[in-house]
Amino acid sequence: QKLSKVVNLNHEDFINKAKELYPDKKYEIKNAKNTGYKDKEFDWAICISIKGMIERELGSLEWAKIEYELKRIAKNILLLEYTNPQRHEIIHIYSR
């Protein structure tokens, strides 16, 4: 099954590179705490090394707001965290 839409809640540079590599896809940049999407609109949300960074830079309360929105808009959530490129850790898989 092909992806029909890719949403980036992080950085515009990533979107620009993705548009260059895959111009036939639709890309959006949204506020992670208030995306405007419908409840359970996505089958999956995949977050790579974001939880620790948000908690470290913005605080646990800000991560809680983002986590709440992710749980609202996605049926399943995969959170991948790593402290360095050689060590990856699946910290949460939320499922319907």
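Are Tyr 37 and Phe 42 buried or exposed? Both Tyr 37 and Phe 42 are buried. The legends below refer to a predicted model.

**Figure 1. Overview of the chain, with three helices and five strands.** Read from the N terminus, the order of elements is β-α-β-β-α-α-β-β. The chain has 96 residues, and 28% of them are buried. Its exposed area is about 7,100 Å², of which carbon and sulfur atoms supply 51%. Among contacts with a separation of 6 or more, 49% are between residues 24 or more positions apart.

**Figure 2. Close-up of the aromatic pair formed by Tyr 37 and Phe 42.** The count of aromatic pairs comes to one. Tyr 37 and Phe 42 make this pair, with an edge-to-face arrangement: the ring centres are 4.9 Å apart and the angle between the planes is 90 degrees. The ring of Tyr 37 also has a charged neighbour, as Lys 30 lies over its face at 4.9 Å from the ring centre.

**Figure 3. Close-up of the largest nonpolar core, a set of 14 residues.** Within this core, the residues with the most contacts are Trp 63, Ile 66, Leu 70 and Ile 77. At least two core residues come from each of β3 (42-48), α3 (60-73) and β4 (74-84). The largest share is that of α3, which supplies four residues. In soluble globular proteins, nonpolar side chains tend to be buried together.

**Figure 4. Close-up of the surroundings of Ile 66, one of the residues with the most contacts inside the core.** When neighbours within four places in sequence are left aside, Ile 66 is in contact with Ala 32, Lys 33 and Ile 54.

**Figure 5. Close-up of Lys 40, a residue other than glycine with a positive phi.** The phi value of Lys 40 is about 55 degrees. Lys 40 belongs to the loop between β2 (26-29) and β3. Lys 40 counts as partly exposed because its relative accessibility, 40%, falls between the 20% limit for buried and the 50% limit for exposed.

**Figure 6. Close-up of Ser 49, where phi is again positive in a residue other than glycine.** For Ser 49 the angle is near 50 degrees. Ser 49 is placed in the loop between β3 and α2 (51-57). With 22% relative accessibility, Ser 49 is counted as partly exposed, because buried would require a value under 20%.

Conventions:
Residues are numbered from 1 along each chain as its sequence is written. This is a predicted model: local features need pLDDT of at least 70, side-chain atom pairs count only at pLDDT 80 or more; totals for chains, interfaces and linings use all residues. Side-chain values use heavy atoms; hydrogens and water are left out. Rings of Phe, Tyr and Trp (its six-membered ring) pair if their centres lie within 6.5 Å; planes under 30 degrees apart count as stacked, over 60 as edge-to-face and the rest as tilted. Buried means under 20% relative accessible area, exposed over 50%, partly exposed in between (1.4 Å probe, protein chains only). A charge sits over a ring if NZ of Lys or CZ of Arg is within 6 Å of the ring centre and within 35 degrees of the ring normal. A nonpolar core is a set of buried Ala, Val, Leu, Ile, Met, Phe, Trp, Tyr and Cys residues joined through side-chain atoms within 4.5 Å. Contact means heavy atoms within 4.5 Å. Accessible areas come from the Shrake-Rupley method with a 1.4 Å probe; for residues, only the protein chains shown count as cover.
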